[in-house]
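Work through the exercises below with the structure open beside you, and try each task before you read its solution.

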Amino acid sequence: MTLALLLAVMQAPPQAPALVDIHDLSPQQYRVSAFILSAPQALTISAVAAEPWPDRLRDRDERHWQDDQQTTWPAAAWILDARTRAVVWDIRSAETRRESNGLRHFDGTIRLPAGTYEAHYASYPSAFSNLNLDIKDFRDVVRLGRRAKYGGPYVETGLYKQFGITITGAGRNASDDELKAAQGAFTASAIVTVVPDRNSSARKGFEITRPTNIEVYAIGELTLDDEFDYGWIMNADTRKRVWSMTYAGTDPAGGAAKNRIAHETLRLQPGRYVAYFVNDDSHGPEEWNGVPATDPEFWGLTLRVADPAARASVKPFEYQPVPQGQTIVSLTEIGNDAMRSAGFALRRPMNVHIYALGEGTRDKMSDYAWIVDEEQHKRVWSMRYEDTEHAGGAEKNRLFDGTVHLDPGNYLVYYHSDGSHSYNDWNGSPPAEERYWGVSVFPASGRLSPADIGPFMRARGAGADAAVAQLEHMGNDEDARTPFRLTEETRLRVLAEGEGRDDDMFDYGWIEDDGGRTVWKMQYAATDPAGGAEKNRLFDGVITLPAGAYVLRYHSDGSHSYNDWNDDAPDDPESWGISVFRTARR
């Protein structure tokens, strides 16, 4: 080095310390660094990012090309204004120098006003390693195996080691408290913030007393075909949604294509509302599995009101979908392979509200509830898929939240579950109100009067009707019998439930006289559907028998019986078997 050059280097002004220095990133890492500028100034930025690898781009004629993470930059840097959440610089939209290996370089200056800023960097080249590779021949299998082993081209070549960003200028680093204070400027006008933990949900109730403009700021995970992390707002009194976060109603939120943002204004009328947000078990603030949104700090749902007077009039309230202490029947926290029931009597006509959570796919329910009029042995309400709505979490979580009218009488409420996806044993994301998995029945008014509800009593007809003989709750491989005697010619009501198909009965009852001769038998042609599966059959009719001794009989095969159903249960499972009643005299 010449003496002149050495003197020039020694006389050069010292380089300003870096405000941000994010380097040495792993193939799946997200980092953020905050800084403060006390005056407007120019900043020098040097950053290296990566564009999508060419063989990961998809043709535009493919349905999901816009929703494909392989069109996302696997490594990117950006800067946010901490107070407004606005993006002030993003390498993905800046003018960069492109290398043939896919790296993008930015070396330049930007000018920013005084304020607090967040510099973000996301390095996720290995998150794309095994996605959307069509297997056409052995070479594709080899490529798939290589990616599974090495984690993608930027990892295989070691290029990810160049990822990073350096920002220099006349500012200083922001402390955690200073950053929180700046972010607090955005939430200062918030009336609701809903940010649930991983694989869970959260809700907050609020009441407004005047027509109010509500700013909705929601960031979550949605695709063309499914919703994973998302929110909605419901009118607490009508139980109707007034806003929902859908793929069609959101915009790209930056980063992975599944990151979506809703930023809009709602005009809400006076009333009580509930804001919900649900998260699944992946890709969220606790652990990203792809490039996060440009504003990951506000993943969730934030509702803001700009007008201070309107904001001051908003009041929080504790919402419960089922009013505590007001239920007629509560069968909740139902597990796998359950068959639960509870009865009640109504002393007057009543509109009852039913809140039922269950599992259903492709128009068929697997975990569901129904209500039976015990005297008529018929369903008066059933949780049909077409009457349900998405309950949050996995798409198969279904909710019935509505009102039905019941006349005075005795009723049985049933709940059936299959062998998977139930309370505390979910195989997908749980619903928003998971502890209510099951069915709850309460007065539509929300207030229970003990004078209106009585204890359940099994109805056996009117007047002098009385049970003569019964074989109920019949299980598999039954050969049951019970004797009875008639002292005179008697009209009898026979109620029999069993299993049959194609003119054959597999579970059925009959009556024998004291000589072992069959005097009545449950024939398929004389039965009606018993509700539930088509093979559930019902006979409910009147026969006349002379005085004498008789034996009531019931036979069942090795499957589909009381509390061991291999298909949908009948409307009145309690009556599976055969019962004989003495009818009232005419």
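**Exercise 1: Charges over rings**

Task: Find the ring that arginine 260 lies over, and then do likewise for arginine 272.

Solution: Arginine 260 lies over the face of tyrosine 247, at 4.0 Å from the ring centre. Please keep in mind, here and in what follows, that this is a predicted model. Turning next to arginine 272, we find that it lies over the face of phenylalanine 317, at 4.6 Å from the ring centre. Both distances can be checked against the cut-off, which asks for the charge to be within 6 Å of the ring centre.

**Exercise 2: An aromatic pair**

Task: Describe the geometry of the pair formed by tyrosine 355 and tyrosine 436, and explain which parts of the chain the pair ties together.

Solution: Begin with the whole structure, which holds 22 aromatic pairs. In the pair of tyrosine 355 and tyrosine 436, the ring centres are 5.9 Å apart and the planes make an angle of 80°. Because planes over 60 degrees apart count as edge-to-face, this pair is given that name. Next, locate the two residues: tyrosine 355 lies in strand 23 (residues 350-361), while tyrosine 436 lies in the loop between strand 28 (409-416) and strand 29 (438-443), so the pair ties together parts that are 81 residues apart in sequence. Finally, look at their surroundings, where both tyrosine 355 and tyrosine 436 turn out to be buried.

**Exercise 3: The partners of strand 7**

Task: Work out how strand 7 pairs with strand 3 and with strand 6.

Solution: Start with strand 7 itself (residues 103-112), which is mostly covered, since seven of its 10 residues are buried. Strand 3 (residues 41-50) runs antiparallel to strand 7 and is joined to it by 10 bridges, and one example is the bridge between isoleucine 45 and glycine 108. Strand 6 (residues 97-98) also pairs with strand 7 in the antiparallel sense, over two bridges, with arginine 97 facing histidine 105 as bridge partner. The last step is the connection: strand 6 and strand 7 form a hairpin with four residues between them, and glycine 102 in the turn has a positive phi of about 100°.

**Exercise 4: The largest cavity**

Task: Which residues lie closest to the centre of the largest cavity, and what classes make up its lining?

Solution: The count comes to two cavities of 30 Å³ or more, and the largest holds about 130 Å³ of space. Of the 16 residues that line the largest cavity, Trp232, Met234, Tyr276, Tyr355 and Leu399 are the closest to its centre. By class, the lining has 10 nonpolar, one polar and five charged residues.

How values were computed:
Residues are numbered from 1 along each chain as its sequence is written. This is a predicted model: local features need pLDDT of at least 70, side-chain atom pairs count only at pLDDT 80 or more; totals for chains, interfaces and linings use all residues. Side-chain values use heavy atoms; hydrogens and water are left out. Rings of Phe, Tyr and Trp (its six-membered ring) pair if their centres lie within 6.5 Å; planes under 30 degrees apart count as stacked, over 60 as edge-to-face and the rest as tilted. Buried means under 20% relative accessible area, exposed over 50%, partly exposed in between (1.4 Å probe, protein chains only). A charge sits over a ring if NZ of Lys or CZ of Arg is within 6 Å of the ring centre and within 35 degrees of the ring normal. Two strands pair if DSSP finds at least two bridges between them. On a 1 Å grid over the protein atoms alone, a cavity is a set of points where a 1.4 Å probe fits but cannot get out, and a pocket is an open set with protein on both sides within 12 Å along at least five of seven lines; lining residues have an atom within 4 Å of a point. Grid points are joined across faces, edges and corners, and a volume is the space filled by probe spheres set on the points. Ala, Val, Leu, Ile, Met, Phe, Trp, Tyr, Cys and Pro count as nonpolar, Asp, Glu, Lys and Arg as charged, and the others, Gly among them, as polar.
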